[in-house]
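Me: Can we go through how some labels get attached to parts of a structure? I'd like the reasoning, step by step.

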Amino acid sequence: MSYVDDVYAKVVEKNPAQPEFHQAVKEVLESLRVVIEANEEEYKKSALLERLTIPERIIQFRVPWVDDAGQVQVNNGYRVQFNSAIGPYKGGLRFHPSVNLGIIKFLGFEQIFKNSLTGLPIGGGKGGCDFDPKGKSDREVMAFCQSFMTELYRHIGADTDVPAGDIGVGGREIGFLYGQYKRIRNVYEGVLTGKGLTYGGSLARTEATGYGLLYLTAEMLKCNGKDIKDKTICVSGAGNVAIYAIQKAQQLGGKPVTCSDSTGWIYDPEGIDVALLKEVKEVKRARLSEYAAKRPSAEYHEKKNGEHGVWSVKCDVALPCATQNELDLEDAKALVANGCFAVAEGANMPTTLEATEYLQKNGVLFCPGKASNAGGVATSALEMSQNSERLSWTFEEVDAKLQGIMVNIFHNLDEAAKKYGMEGNYVAGANIAGFLKVAEAMKAQGIV
């Protein structure tokens, strides 16, 4: 059995009932096979892959809080500090009922390579809780966040681990978490990113993941002789990433025609009205059916079990921006049949392995989330820099740095794929480029 196969078998054996984590490890190791086999003796002797796939630290804790009815609720909190070879742990917090240890490990493992690709000194980590902020009052969210941070604070710090937001953790939640950290530690430091602009946040952070996705997508198309201008774009999701991906796509001359949430999806052949979408999702926190009610050109479709309707719409470019494994093999077949020639992931691992392979085999340009959605964490690292310098950069400064980072990411993964004889395989290119930097740092620091 090869070293890659041996390590993957151990991951599956020692992490039962964690399919998302298994999937993430398999995808990375398979695409790294050519690099690992060229250095197999060295990597095996130092157990480099074992050290890469086992987190440096896993913190699991209970989160008790009191709801508005006076009832005590208890949730499960997690922080997985995966790899600090190139910098302090960096990765978001996800508050969603689906959160479990396997999902946090998959996200933390992906974050190692994503953070490495940015070129910035940040390691990989992730955290979260099975708490659902939806339908909770502000007081309930505050009570939960304060309890969550009362345990988490002892494990994080500006030079140790810097969490950010993710699904279910926006500006409101970051504010409550930061206030409690400051209260307990009595220090004012850049320990969380995604903060409000009045207390250390960065301009362009809100837009960063969606904007970065489009900067990289536009560069990928350009390097393949195509232009995003006048292209029809299908987007899934209606959260932060999707909204700002739609906004930047329109600014670059593209035409996004879909978005979705947990209850249904919208097809708007005239192009998504970003102002209305923001009002419905960011201000009212309402369902997309309200968008359709105010927009005569839009069709609203109720979500059916196992159906991801946005991918049935004819498009040139698809941007999955909702959640993991939302684009499956049948969706990939529909996209190819409808003439889609590019897919770039805005969410973390939104495309199944089978769908990814099908898209690649059918000549679709495919960029994985660890590269194409790295704009969020890149701008979080820029927020850390501003906090350390006690400075605040302009929107234009941050946006220009973001665009430069995303263009560089694409060229780094493109060159890595070409170097190892896999031209056009951007999944392999991203994994190789991210891995080599981390591997070199791990080797330099000894057996730790």
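Here is our chat about one residue in a strand and one helix in this predicted model.

Me: Why is N75 called buried?

Reply: Buried means under 20% relative accessible area. N75, which sits in strand 2 (residues 72-83), has a value of 11%, so it counts as buried.

Me: What makes the link between the side chains of N75 and W65 a polar contact?

Reply: The cut-off for such a pair of N or O atoms is within 3.5 Å. The side chains of N75 and W65 are joined at 2.8 Å, so the distance fits the definition.

Me: Which residues does N75 touch, leaving out those up to four places away in sequence?

Reply: They are F61, R62, V63, W65, C129, D130, F131 and F144.

Me: OK, on to helix 10 (residues 274-283). How do you know that its buried residues are on the same side?

Reply: The buried ones are V274, L276, L277, V280 and K281. They cover an arc of only 160° around the axis, so they end up on the same side of helix 10. On the other side, A275 and V283 are exposed.

Me: What covers the buried residues of helix 10?

Reply: The cover includes helix 9 (240-251), strand 8 (258-260) and helix 11 (289-294).

Me: What makes D273 a cap for helix 10?

Reply: One of its side-chain oxygens lies 3.2 Å from the backbone nitrogen of A275, at the N-terminal end of helix 10. After the helix comes R285, with a positive phi near 55°.

Note on methods: Residues numbered from 1 in each chain as written. Predicted model: local features only at pLDDT ≥ 70, side-chain atom pairs only at ≥ 80, totals over all residues. Heavy atoms only, no water. Helix = DSSP H or I, 4+ residues; strand = E, 2+ residues; numbered from the N terminus. Buried < 20%, exposed > 50% of the residue type's maximum accessible area, 1.4 Å probe, protein only. Polar contact = N/O pair within 3.5 Å; in protein donor to acceptor, adjacent residues only side chain to side chain. Contact = heavy atoms within 4.5 Å. Arc of directions from axis to C-beta.
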